[in-house]
Amino acid sequence: QVQLVESGGGFVQPGGSLRLSCAASGEFRSIPVMGWYRQNPGNQRELVATISSGGGTDYADTVKGRFTISIDNAKNTVYLQLNNVKPEDTAVYYCNAAIVERFLPSSYWGQGAQVTVSS
């Protein structure tokens, strides 16, 4: 059973930093892409950042220069470093991964981690 388990959410003051982690477990062949999305009540889930197993990254314009996504392929873990956070970064952050168990990738989601930016 493939699972994504997130950790690292919490409260942070504006201008502060926080790091999220997401580890994939179970039996699978590869993870071509991992990423982070976020969602607030009443809003659609939006892309924050993605990273390929080769290290290629993509960021939403709203977080460029402040957030950094990285991956540890040996640990099947993706990280999101949030720096210089703003109140509008408050959301539930979800990890996503395209995981190949046999032949084709399937999309998996983590349980979500609440990030609250407030003074």
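## Strand pairing and two asparagines: worked exercises

Six bridges connect strand 7 with strand 8, and the two run antiparallel. The model used here is predicted, so keep that in mind as you work through the exercises.

**Exercise 1.** Find the residue in strand 8 that stands opposite Ser70, then place strands 7 and 8 in their sheet.

*Solution.* Start with the pair itself: Ser70 has Tyr79 of strand 8 standing opposite. Next, widen the view to the whole sheet, which is open, has four strands in the order 1-3-8-7, and is paired in antiparallel fashion. Strand 1 (3-7) and strand 7 are the edge strands, each pairing on one side only. As a last step, look at the twist: on average, neighbouring strands of this sheet are turned by 15 degrees against each other, direction ignored.

**Exercise 2.** Describe the backbone, the location and the accessibility of Asn76.

*Solution.* Begin with the general expectation: most residues other than glycine have a negative phi. Asn76 has a positive phi, near 50 degrees, and is a residue other than glycine. Now locate Asn76: the loop between strand 7 (67-72) and strand 8 (77-82) holds this residue. Finally, judge the accessibility. Partly exposed covers the range between the buried limit, under 20%, and the exposed limit, over 50%. Asn76 has a relative accessibility of 25%, so Asn76 counts as partly exposed.

**Exercise 3.** Carry out the analysis for Asn84: what is its phi, where is it found, and is it buried, partly exposed or exposed?

*Solution.* Phi comes first: Asn84 is not a glycine, yet its phi is positive, at about 50 degrees. Then the location: Asn84 lies in the loop between strand 8 and strand 9 (91-100). For the last part, Asn84 has a relative accessible area of 43%, and therefore it is partly exposed.

**Exercise 4.** Which strands are joined to strand 11 by three bridges, in which direction does each run, and how enclosed is strand 11?

*Solution.* Take strand 2 (residues 10-12) to begin with: three bridges join it to strand 11, and the two run parallel. A residue pair to look for here is Val12, which stands opposite Val117 in strand 11. Turn now to strand 9, which is joined to strand 11 by three bridges and runs antiparallel to it. Here Ala91 stands opposite Val115 in strand 11. To finish, consider burial: strand 11 (residues 113-117) is largely enclosed by the rest of the structure, because four of its five residues are buried.

Key:
Residues numbered from 1 in each chain as written. Predicted model: local features only at pLDDT ≥ 70, side-chain atom pairs only at ≥ 80, totals over all residues. Heavy atoms only, no water. Buried < 20%, exposed > 50% of the residue type's maximum accessible area, 1.4 Å probe, protein only. Pairing = 2+ DSSP bridges. Axes fitted to C-alpha atoms, helices over the stretch in contact; angles between N-to-C directions.
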